[in-house]
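Colleague: I would be grateful for a close look at a single part of this model, namely the surroundings of its bound ligands. Please set them in the context of the fold.

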Amino acid sequence: MTATVIDGKAFAATVREKVAGHVARLKEEHGITPGLAVVLVGEDPASQVYVRSKGKMTVEVGMNSWEHKLDADTPEADLLALIDRLNNDPAVHGILVQLPLPKHLDEDLVINAIAPAKDVDGFHISNVGLLGTGQKSMVPCTPLGCLMMLRDHHGSLSGMDAVVIGRSNIVGKPMAQLLLGDSCTVTIAHSRTKDLAEVVRRADIVVAAVGRPEMVPGDWIKPGATVIDVGINRIDAPEKGEGKSRLVGDVAYDSCAAVAGAITPVPGGVGPMTIACLLANTVTACCRANGLPEPEGLTA
Ligand SMILES: NC(=O)C1=CN([C@@H]2O[C@H](COP(=O)(O)OP(=O)(O)OC[C@H]3O[C@@H](n4cnc5c(N)ncnc54)[C@H](OP(=O)(O)O)[C@@H]3O)[C@@H](O)[C@H]2O)C=CC1
Ligand SMILES: Nc1nc(=O)c2c([nH]1)NC[C@@H]1CN(c3ccc(C(=O)N[C@@H](CCC(=O)O)C(=O)O)cc3)C=[N+]21
């Protein structure tokens with residue numbers, strides 16, 4: 001079997017189009033422009049690229065975009081003061097603090113300082129708790145993007161066996177919650193899981209969020225299963241020339257695509273959906289803040 005390639009890049013473009021439609025309507029009918037503020041602490045080059053592309057796409061869908069770049073040694077109090085200012089700025093509907101933060105900053109403290117209604121990453125403890133109890137919340141962008149692709153491909157996920165590899169707060173755990181919400185039988189695997197190969201072989205849906213290049217080989221995949229590859233790993237690519245690199249996921253693409261029923265590529269899979277969902281969450285936050293009906297089909 002050769003897997004169907006789930007085109008996250010194309011899907012993300014359709015999500016952004018929907019978002020742009022809602023933004024236009026909010027402007028015309030209510031005179032409101034949704035706005036997203038992104039905070040970047042330090043000069044990590046990969047983060048800078050990512051923040052720039054988010055900013056560009058935010059503007060493309062018609063929203064306001066602000067980038068706050070702080071020095072790597074910014075005191076925690078200064079970062080908290082900025083978050084407080086953004087929390088109280090009515091033009092700002094979404095706030096994203098790029099992770100990871102420099103070591104001297106307490107990540108939990110910083111994230112929990114964001115007003116939950118503006119927490120478009122869905123990382124605040126209130127949103128985590130709301131998601132865990134099946135209540136309306138801000139849903140983390142990467143898992144939301146994965147869920148949208150899975151629903152689009154399968155229709156209903158009810159009763160399917162899903163294995164999530166990785167238990168981080170930003171991907172693995174919320175992904176498991178969303179799959180459970182859609183009535184999958186969910187297993188969460190991690191670095192201490194015994195016989196990961198056997199666990200993964202049971203799965204109808206495999207979500208790999210590990211951060212280890214090409215770790216999942218094709219012979220772990222049940223024939224016909226759907227493989228969602230969250231990993232973004234930059235590895236050396238001497239075949240492209242000296243000093244060159246390329247992006248690979250957490251699954252060995254060719255061997256997995258040979259047995260899977262469907263698979264997401266890297267790049268062009270989960271990554272673009274993450275950014276599209278960030279924009280979707282910002283529109284949702286803006287509608288909620290203004291007591292307007294929220295767009296359908298843009299959240300979980
Ligand atoms: N496409 C996108 O939009 C995004 C992509 N990413 C990418 O997704 C990947 C995961 O990110 P993130 O969740 O933040 O990473 P973390 O490092 O926070 O978590 C990795 C998880 O993988 C588990 N793990 C590590 N090694 C193994 C192993 N050998 N076997 C089984 N499990 C293992 C860890 O287990 P333990 O808890 O036991 O240590 C941990 O739970 C990264 O490649 C990251 O770049 C992240 C965010 C967004
Ligand atoms: N508060 C916070 N929220 C995040 O959501 C968050 C974060 N911090 N820190 C970093 C990770 C990583 N992440 C990515 C999103 C999109 C792509 C993406 O669009 N990738 C393209 C490729 C881009 C390239 O070529 O480098 C793709 O997969 O096709 C990648 C990575 C969000 N993260």
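Modeller: The account below takes the two ligand sites in turn and then the sheet.

This is a predicted model, in which local features need pLDDT of at least 70 and side-chain atom pairs count only at pLDDT 80 or more, whereas totals for chains, interfaces and linings use all residues. Residues are numbered from 1 along each chain as its sequence is written, chains are lettered from A and ligands numbered from 1 in the order in which they are written, and side-chain values use heavy atoms, with hydrogens and water left out.

The shell of ligand 2 consists of 16 residues, and Tyr50, Val97, Leu99, Asp121 and Gly268 come nearest; a residue is near if one of its heavy atoms lies within 4 Å of the molecule. By class, the shell divides into 10 nonpolar, 4 polar and 2 charged residues, where Ala, Val, Leu, Ile, Met, Phe, Trp, Tyr, Cys and Pro count as nonpolar, Asp, Glu, Lys and Arg as charged, and the others, Gly among them, as polar. Helix H10 (residues 270-289) gives the most to this shell, with 4 residues, and both strand E4 (94-97) and H10 supply at least two. Helices (H or I, at least four residues) and strands (E, at least two) are DSSP runs, numbered from the N terminus.

The domain assignment, automatic or from a database, gives domain 1 (30-120) and domain 2 (141-272). Their C-alpha centres lie 28 Å apart, and each domain provides at least three residues of the shell around ligand 2.

Several backbone atoms make polar contacts with ligand 2 (pairs of N or O atoms within 3.5 Å; within protein, one must be able to donate a hydrogen and the other to accept it, and residues adjacent in sequence count only if both atoms are side-chain atoms). A backbone N or O atom of Gly268 lies 2.6 Å from an oxygen atom of the ligand, a polar backbone atom of Leu99 is 2.8 Å from a nitrogen atom, and a polar backbone atom of Gly271 is 3.4 Å from an oxygen atom. Taken alone, ligand 2 exposes 680 Å², of which the protein buries 72%; accessible areas come from the Shrake-Rupley method with a 1.4 Å probe, and for residues only the protein chains shown count as cover.

Ligand 1 is surrounded by 23 residues, the closest being Arg167, Ser168, Ser191, Arg212 and Thr274. H10 contributes the largest share here as well, with 3 residues, and the shell comprises 10 nonpolar, 10 polar and 3 charged residues. Oxygen atoms of ligand 1 lie 2.7 Å from a side-chain N or O atom of Arg167, 3.2 Å from a backbone N or O atom of Ile232 and 3.4 Å from a polar side-chain atom of Thr142. The protein covers 70% of the 930 Å² of accessible area that ligand 1 has on its own.

As for the fold, an open sheet of 6 strands runs in the order E1-E11-E8-E7-E5-E6 with parallel pairing, two strands being paired if DSSP finds at least two bridges between them. Strand E1 (4-5) and strand E6 (185-189) stand at the edges with a single partner strand each, so one side of each has no neighbour in the sheet. Strand E7 (residues 205-208) has both faces covered: Ile205 and Val207 on one side, and Val206 and Ala208 on the other, are all buried, that is, under 20% relative accessible area. Val206 is the bridge partner of Val163 and also of Val227 in E8.

How values were computed
Buried means under 20% relative accessible area, exposed over 50%, partly exposed in between (1.4 Å probe, protein chains only).
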